[in-house]
Amino acid sequence: MSTMPRALIFGTGGVGCIYGFILSRAGCSVTTVCRSNFTAVRDNGISVRSKIFGNTSYRPTAVQTVSAALENGPFDYIVVTAKAFPGTAKLIEEAVDPSTTIVLGQNGIGGEKEYAELYPDNVLIAGVVYLPVTQVEPGVVEHGPLERFEIGTYPPDAPLKGKERCRELSDLFRAGGGSAPVFDDIQPQRWFKLAVNAAWNPTTALTMCDDANYLRSSSKAEDIIRKIMKDVGKIATAVGYPNAITDQGIEQDLQRPRGRLETGGKEPSMLTDVRNDRATEVEAILGNALKIGEERGADTPYLELIYTLAKGRDYAIAPDERWKPIARHG
């Protein structure tokens with residue numbers, strides 16, 4: 001690896017802005033692919049208002065396309081923090097060099113497959129993002145008191161080179177003031193985070209309540225979160241991870257939103273998308289898991305219900321050619 005590692009951030013939303021910041025503090029040369037915030041980032045860099053890092057800023061090299069990023073390559077790392085829509089893996093193709101490590105910081109389950117098929121010879125690192133962050137205006141992010149990026153190779157039994165790259169990335173994060181603990185098999189962590197996302201993202205997006213206000217909304221609210229998480233647990237068990245989602249883990253995780261009842265809630269990404277009239281990651285967060293569950297014969301009625309409702313919400317935001325207006329009878 002070159003003396004100054006080169007990192008490309010693909011998807012410069014809240015998470016991408018913070019990971020770019022951590023890597024630049026660690027001495028990496030950071031290039032960010034920006035869409036709506038391109039002009040702001042090019043002209044002023046990225047401002048970070050963080051409960052952990054304080055108020056600070058950094059200046060990555062901002063580009064609008066992957067092609068434009070190439071003159072700053074080849075890249076040691078491509079950190080994918082774009083939304084996990086089908087087909088995203090193809091979008092980074094031009095920037096993937098034989099020596100590039102691809103790092104996935106995306107929601108959902110099963111997304112690694114697409115990258116593994118397209119880039120079979122590259123080291124692939126799957127991550128689980130714990131990072132309450134919102135881009136409040138272009139190039140300006142607000143970040144809460146948590147930053148943890150759990151990482152591991154995909155597949156778990158990847159060759160030694162992959163394990164070494166994991167350690168290197170973990171060391172870079174530590175050097176930049178972040179934390180990226182390495183797991184020998186990251187999938188149980190992925191399943192647990194999926195259970196959290198599958199429960200909170202659609203319930204908040206459908207109710208338009210942040211997590212704390214959703215809990216206040218009815219005496220049954222918390223129990224439905226539990227039931228959706230347990231449904232995801234059934235699927236994780238069916239694929240060989242019976243201890244990924246335990247009752248104890250669920251109760252522990254519920255302490256977080258409960259703790260926000262006094263201080264003000266958190267807005268999951270799907271709620272942010274719905275508020276901004278954007279398509280949501282309904283397939284990555286709910287659809288993929290449901291498909292895996294159906295293949296394995298898992299009975300998950302709560303997950304199925306929330307999936308169809310979230311899918312309907314998504315269809316209203318991004319209808320296709322089959323959509324028909326309501327018939328008005330005079």
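Which residues form a negative surface patch?

1. **The negative patch.** The model is predicted. E294, E295, D299 and E304 form a negative surface patch. One of these residues, E304, sits in helix α12, which spans residues 301–317. E304 counts as partly exposed because its relative accessibility is 41%, and partly exposed covers values between 20% and 50%.

2. **The annotated domain.** An unreviewed UniProt entry places "domain: Ketopantoate reductase C-terminal" at residues 185–312. Helix makes up 75% of this span, and strand 0%. The C-alpha atoms at the two ends of residues 185–312 are 35 Å apart.

3. **The nonpolar patch.** L206, L305 and L309 make a nonpolar surface patch of about 250 Å². L206 belongs to helix α6, residues 187–207. With 32% relative accessibility, L206 counts as partly exposed.

4. **Salt bridges: the total and a pair of sequence neighbours.** The structure holds 24 salt bridges. In one of them, the side chains of R42 and D43 meet at 3.0 Å, N to O. R42 is partly exposed at 45% relative accessibility. D43 is also partly exposed, with a relative accessible area of 39%.

5. **E281 and K83.** These two residues form a salt bridge, with 3.9 Å between the closest N and O atoms. E281 lies in the loop between α10 (269–275) and α11 (282–295), and K83 in the loop between β6 (77–80) and β7 (101–104), so the bridge ties together parts that are 198 residues apart in sequence. Are the two partners buried or partly exposed? E281 counts as buried, at 5% relative accessibility. K83 is partly exposed, with a relative accessible area of 28%.

6. **D211 and R260.** Here the closest N and O atoms of the salt bridge are 2.9 Å apart. D211 is in helix α7 (residues 211–217) and R260 in helix α9 (residues 247–263), so this pair links parts that are 49 residues apart in sequence. D211 is buried, because its relative accessible area is 3% and buried means under 20%.

7. **A salt-bridge network.** Which residues do shared salt-bridge partners join into one network? They are E222, D223, R226, K227, E251 and R258.

Definitions and conventions
Residues are numbered from 1 along each chain as its sequence is written. This is a predicted model: local features need pLDDT of at least 70, side-chain atom pairs count only at pLDDT 80 or more; totals for chains, interfaces and linings use all residues. Side-chain values use heavy atoms; hydrogens and water are left out. Patches are made of residues with over 30% relative accessible area and no salt bridge: like charges are joined within 9 Å, nonpolar side chains (Val, Leu, Ile, Met, Phe, Trp, Tyr) within 5 Å. Accessible areas come from the Shrake-Rupley method with a 1.4 Å probe; for residues, only the protein chains shown count as cover. A salt bridge is a side-chain nitrogen of Lys or Arg within 4 Å of a carboxyl oxygen of Asp or Glu. Lys and Arg count as positive and Asp and Glu as negative; His and the chain ends are not counted. The place of a charge is taken as NZ of Lys, CZ of Arg, CG of Asp or CD of Glu. Helices (H or I, at least four residues) and strands (E, at least two) are DSSP runs, numbered from the N terminus. Buried means under 20% relative accessible area, exposed over 50%, partly exposed in between (1.4 Å probe, protein chains only). UniProt positions are given in the numbering used here, feature names are shortened, and annotations may be inferred rather than shown by experiment.
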